[in-house]
Amino acid sequence: NANVRNQVDLLEQQMPYRQSGFRGDVDHVLPYKNHPYDPQTKARRLQDTNAEEEVSAFKPMRIYFETQALDGIRSAENGAKVDFIKSKIL
């Protein structure tokens, strides 16, 4: 275990950040075409006005949560909590 920690420390010391204390170019921007999230403005573009004209590589994802086990533990004491988990979190 000590040998692994030493090797990791040697690798980290070779990194430019460890040597200089500065990260890489903080203004670096990857040119994503029609990405639904803009990190500069911290905003999501869910409705694009020219969506019909351009085909986006980013498609919405639908996630389905199976909640039978959650419904199985529902009781009078935790009913509000189960409802909150199902309606707000999931």
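Start with the whole chain in cartoon view: from the N terminus on, its elements run α-α-β-β-α-α. That comes to four helices and two strands, where helices (H or I, at least four residues) and strands (E, at least two) are DSSP runs numbered from the N terminus. The model is predicted, so local features need pLDDT of at least 70 and side-chain atom pairs count only at pLDDT 80 or more, while totals for chains, interfaces and linings use all residues. Residues are numbered from 1 along each chain as its sequence is written, and side-chain values use heavy atoms, with hydrogens and water left out.

Next, colour by pLDDT, the predictor's confidence in each residue, from 0 to 100. The chain has a mean of 77, and 68% of its residues reach 70 or more. Select residues 43-44: this is strand β2, with the lowest mean pLDDT among the elements, 66. Then select residues 68-72, helix α3, which has the highest, 90. Where pLDDT is low, the predicted coordinates should not be read in detail.

Now go to isoleucine 63, in the loop between β2 and α3. Isoleucine 63 is exposed, with a relative accessible area of 54% (buried is under 20%, exposed over 50%, partly exposed in between; 1.4 Å probe, protein chains only).

Add Met61, Phe65, Phe84, Ile85, Ile89 and Leu90 to the selection: with Ile63 they make a nonpolar surface patch of about 720 Å². Patch residues have over 30% relative accessible area and no salt bridge (a side-chain nitrogen of Lys or Arg within 4 Å of a carboxyl oxygen of Asp or Glu); nonpolar side chains (Val, Leu, Ile, Met, Phe, Trp, Tyr) are joined within 5 Å, like charges within 9 Å.

Finally, select the whole chain again: buried residues make up 7% of its 90 residues.

How values were computed. Areas by Shrake-Rupley, 256 points an atom, 1.4 Å probe, with all protein chains shown as cover.
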